[in-house]
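I opened this one to get my bearings before going back to the bench. Notes below, in the order I looked things up.

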Amino acid sequence: MGEGRGSSLVHLLVIVLSLVAFGFAIAAERRRSTGHIVTDQYNATYCAYSSDVATGYGVGSFLFLLSSESLLMGVTRCMCFGRPLAPGGNRAYSIIYFISSWLTFLIAEACLVGGAAKNAYHTKYRSAIYAQNFSCESLRKGVFIAGAVFIVVTMILNVYYYMYFTKATSQSARKTNRSSSTVGMTGYP
């Protein structure tokens, strides 16, 4: 393993978990619940919905992305604990990718949870409808796709974050060895 490359297993697990989350998000978008108006024998109108598989796919995508992020933050100790990062460009990139990855992670999780919750919601039974253009509520197209896009962006940012994090932790901090004080104070014996 090269100096500052990090663990290949961590890279692989983060990528695989993120891609599985991406797959579940795409499957959730394709299997969204759709409703159609049905009138029963008592002349009551209600919405009948297709299967609710997309909610399970959305929650599955949420959990896989959460496990990917948790794995990476556990390995890097969330950049707060453990070995300090050496000053320099690698530390700066590591901090930028860390913040960006958390931002896109939170957006992706919000899309997935919001999409799953909205998809699970169904219009209740209605006995009388006075509206001309009644439509059954359903999840808007593209919510799970937005989550899938942010999953891919989070995955890319996580890979770069881990790469620069391992470079910044493997570098030794530059310490200067000075023989005398540069402040001008006298030395104490």
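**Salt bridges**

I started with charge pairs, keeping in mind that I'm looking at a predicted model. I found one salt bridge in the structure. The partners are Glu29 and Arg32, and their closest N and O atoms sit 3.3 Å apart. Side chains of opposite charge can pair when their charged atoms come close. Are these two residues buried or exposed? I checked, and both Glu29 and Arg32 come out buried.

**Whole chain**

Next I stepped back for the overview. The protein chain has four helices and two strands. Reading from the N terminus, I wrote the order down as α-β-β-α-α-α. Of its 189 residues, 34% count as buried. I also looked at how far apart in sequence the contacting residues are. Taking contacts in the protein chain with a separation of 6 or more, 81% come from residues 24 or more positions apart. The chain exposes about 11,600 Å², and carbon and sulfur atoms supply 61% of that area.

**Helix H1**

Then I went along H1, which covers residues 8-30. I wanted to check its length against the ideal rise. H1 has 23 residues, so at 1.5 Å a residue it should span 33 Å, and its end C-alpha atoms are indeed 33 Å apart. The expected span takes one less than the number of residues, which is why I didn't multiply by the full count.

At the start of H1, I noted a side-chain oxygen of Ser7 that reaches to within 3.3 Å of the backbone nitrogen of Leu9.

Which residues of H1 are buried? My list reads Val10, His11, Val14, Leu17, Ser18, Ala21, Ala25, Ala28 and Glu29. An α-helix has 3.6 residues a turn, so residues three or four places apart point the same way. I had that in mind while reading the list. The buried residues of H1 pack against three helices: H2 (53-75), H3 (89-120) and H4 (143-170). Glu29 turns up again here, as one of the buried residues of H1 and as the acid in the salt bridge with Arg32.

H1 also has something to show on the surface. I found a nonpolar surface patch of about 400 Å², made by Leu9, Leu12, Leu13, Val16 and Val20. I picked Leu12 for a closer look. Leu12 lies in H1 and counts as exposed because its relative accessible area is 52%, where exposed means over 50%.

**Ser50 and the Arg32 region**

I came back to Arg32 from another direction. Ser50 is in the loop between strand S2 (45-49) and H2. Its relative accessible area is 33%, so I logged Ser50 as partly exposed. Which residues does Ser50 touch, neighbours up to four places away aside? They are Arg32, Ser33 and Thr34. Ser50 and Arg32 are 18 residues apart along the chain, with their C-alpha atoms separated by 8.3 Å.

**The loop between H2 and H3**

I went through this loop residue by residue. Thr76 is in it, and at 1% relative accessibility Thr76 counts as buried. A polar atom of the Thr76 side chain lies 2.9 Å from the backbone oxygen of Leu72. Beyond its neighbours within four places in sequence, Thr76 is in contact with Phe81, Tyr161, Tyr162 and Phe165.

Further along I checked backbone angles. Cys78, also in the loop between H2 and H3, has a phi near 55°, a positive value in a residue other than glycine. Met79 is in that loop too, and its phi is near 65°, again positive in a residue other than glycine. How much of each is accessible? Cys78 has a relative accessible area of 25%, so it goes down as partly exposed. Met79 has 21%, so Met79 goes down as partly exposed as well; the limit for buried is under 20%.

**Thr104**

My last entry is in H3, where Thr104 has its place. With a relative accessible area of 9%, Thr104 is buried. What does Thr104 touch, not counting residues up to four places away? I noted Phe150, Val153, Thr154 and Leu157.

Key
Residues numbered from 1 in each chain as written. Predicted model: local features only at pLDDT ≥ 70, side-chain atom pairs only at ≥ 80, totals over all residues. Heavy atoms only, no water. Patch = residues over 30% accessible without salt bridge, like charges linked within 9 Å, V, L, I, M, F, W, Y side chains within 5 Å. Areas by Shrake-Rupley, 256 points an atom, 1.4 Å probe, with all protein chains shown as cover. Salt bridge = Lys/Arg side-chain N within 4 Å of Asp/Glu carboxyl O. Buried < 20%, exposed > 50% of the residue type's maximum accessible area, 1.4 Å probe, protein only. Contact = heavy atoms within 4.5 Å. Polar contact = N/O pair within 3.5 Å; in protein donor to acceptor, adjacent residues only side chain to side chain.
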